[in-house]
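Notebook open, model loaded. I want to look at the metal site and then at some odd backbone spots.

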Amino acid sequence: MNPDQIEAVNNGRPVVFRDATVLTMDGSGGAEHRVIEHGDVLVVGERIEAVGPGLAVPEGTVEIDASGGILMPGMVDTHRHMWQTALRGLGADWSLTQYFVFYYLTWGKIFRPEDIAAGNLLSGVEAVDAGVTTTLDWSHGLQTIEHGEAAVDALAASPGRSVLAYGNLLGAPWEWTNSPDFRAFAKRRIDKRTDRLGFQLAFDVTGDPAFPEKAAFEAARELGLRVSTHAGVWGATNDNSIRLMHEHGFMTPDVTYVHAATLTEDSYQRIAATGGTVSVSTESEQSAGQGYPPTWALRKHGIGVSLSMDTSVWWSADLFSAMRATLSADRSREHLEAHARGETVTHNALRAEQVVDWATIGGARALGLADRIGSVTPGKQADLVLIKNDDAPALFPLLHPYGSVVFQAQRGDVDTVLVNGRVVKHGHRLVGNELGAAKAAVAETVEYARKTMGPEAWAQAMTPDVPETDLIANPYTYTGYDGGADRPRAQASEPDAG
Ligand SMILES: [Zn+2]
């Protein structure tokens, strides 16, 4: 497509992808997903019109040569703190404790509405660039309604589809969900939700036996909003939170449990029995320590899974990475458990196809959007991703397309992305001009945060202390070991914010 054709498609001209390996991700389970070799997908307006080989198309339809590529549904990230993209990478070496201290106790409060907007916009652009067409913004930095308005405006200006899960880490959810100004915001913005911008509530359940969160769940019910909650997080939320929610009747299919990594059988059984889904952030759980990435347990309970990347203060908006990490973590666990029994895994239980399901239709189900997005199905809204890179060796030959998506492809291989039938990326390049604005806004936020925190706190945030560790005794003696002088040390630095 040339720029004129892209504009024509974005003004309603039909577009057809020709000769792709189409991963439809339709059907209700792993084996029912259809793979169509040499398949075409026709998009008319906002919707997928037809899927199959050698499609007849209306006159004037723009054609995209998708040969050698994989066409799949746009990916869905069900838990992202998009505002934290403004400090991308700052916490690469953090523990979860350091994250809590930084955002919850110390610096979260300095974020202004424009800083929330800056992070959201950059994260929104990053998402579509990586083939993530829908993102749930787990937005817990909304300390005032002005912050909330800024978050909504930024998502509305983003090229992708979003769900704002409204939250406020500095306030009590049973208070802010029932405050007059939040209710006025709900009338103004939430009641006007659209296909491209939905809403949920985001808050955690502390496990306090008095269950003060009851009022927040009631508010969600009253406003017709789903709830997303961090559950089963080592040291923060545990089985008590699940039990309290269950006993009070607030565990429903409308709840997403984020992480759910440190829970007992009993909690998983309650989740399974009430139809909730779990958003697994494998890279987060592995690095921050909420618990072992739980897909190996969720599978045994038949609990629906979706994938997420949590926050760019550590990680990225890259669901290729999430799929790869999740499949690997699940298999690691299977091997470790088998070895502990003195056995060998001879057949892998979790397949590449299943994690592609979780990254697409699984995410759509978790958000209650599976009737509209998440698969390449006629009648659904056209959120599509073409993975194709003729100049790279990694996508050839294409023998096992799910395997190629999970273990071979990366976000640079995303050639074309459609959201709601609009072309937002083509020829490996973003179509809109949001990136420049997003970078400028984030640069201002970085400048402001750095100044407000001061050079010492800024440098310290990036280089937390390394704990002392000693090598264990070795009867054969160590050779060439210098006592650890080359280990990284906390040091003051002034990296360029760009
Ligand atoms: Zn989170």
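I started with the geometry at the zinc ion: the angles among its four donor atoms run from 78 to 170°, and the site comes out as irregular. For the tetrahedral label, all angles would have to lie between 85 and 135 degrees. I keep in mind that this is a predicted model.

Next I listed who holds the zinc ion. The protein donors are His79, His81 and His230, each through NE2, plus Asp310 through OD, at 2.0 to 2.7 Å from the ion. Along the chain I read their spacing as H-x1-H-x148-H-x79-D. His79 sits in strand β6 (residues 75–80) and Asp310 in the loop between β13 (304–307) and α12 (319–340), so this pair ties together parts that are 231 residues apart in sequence. I checked burial too: His79 and Asp310 are both buried.

Then I went through the backbone. Most residues other than glycine have a negative phi, and most peptide bonds are trans. Which residues did I find with a positive phi although they are not glycines? One is His259, with phi at about 75°; the other entry I made is His428, at about 65°. I placed His259 in strand β11 (residues 255–259), and His428 in the loop between β16 (422–426) and β17 (429–430). His259 is buried, with a relative accessible area of 2%, whereas His428 is partly exposed at 31%.

Last entry: the peptide bond joining Phe396 and Pro397 is cis, with omega at about -5°. I found Pro397 in the loop between β14 (384–387) and α15 (401–408).

Methods. Residues numbered from 1 in each chain as written. Predicted model: local features only at pLDDT ≥ 70, side-chain atom pairs only at ≥ 80, totals over all residues. Heavy atoms only, no water. Donors = N, O, S within 2.8 Å, 3.2 Å for Na, K, Ca; no water. Tetrahedral: all angles 85-135°; square planar, octahedral: opposite > 155°, others 65-115°. Helix = DSSP H or I, 4+ residues; strand = E, 2+ residues; numbered from the N terminus. Buried < 20%, exposed > 50% of the residue type's maximum accessible area, 1.4 Å probe, protein only.
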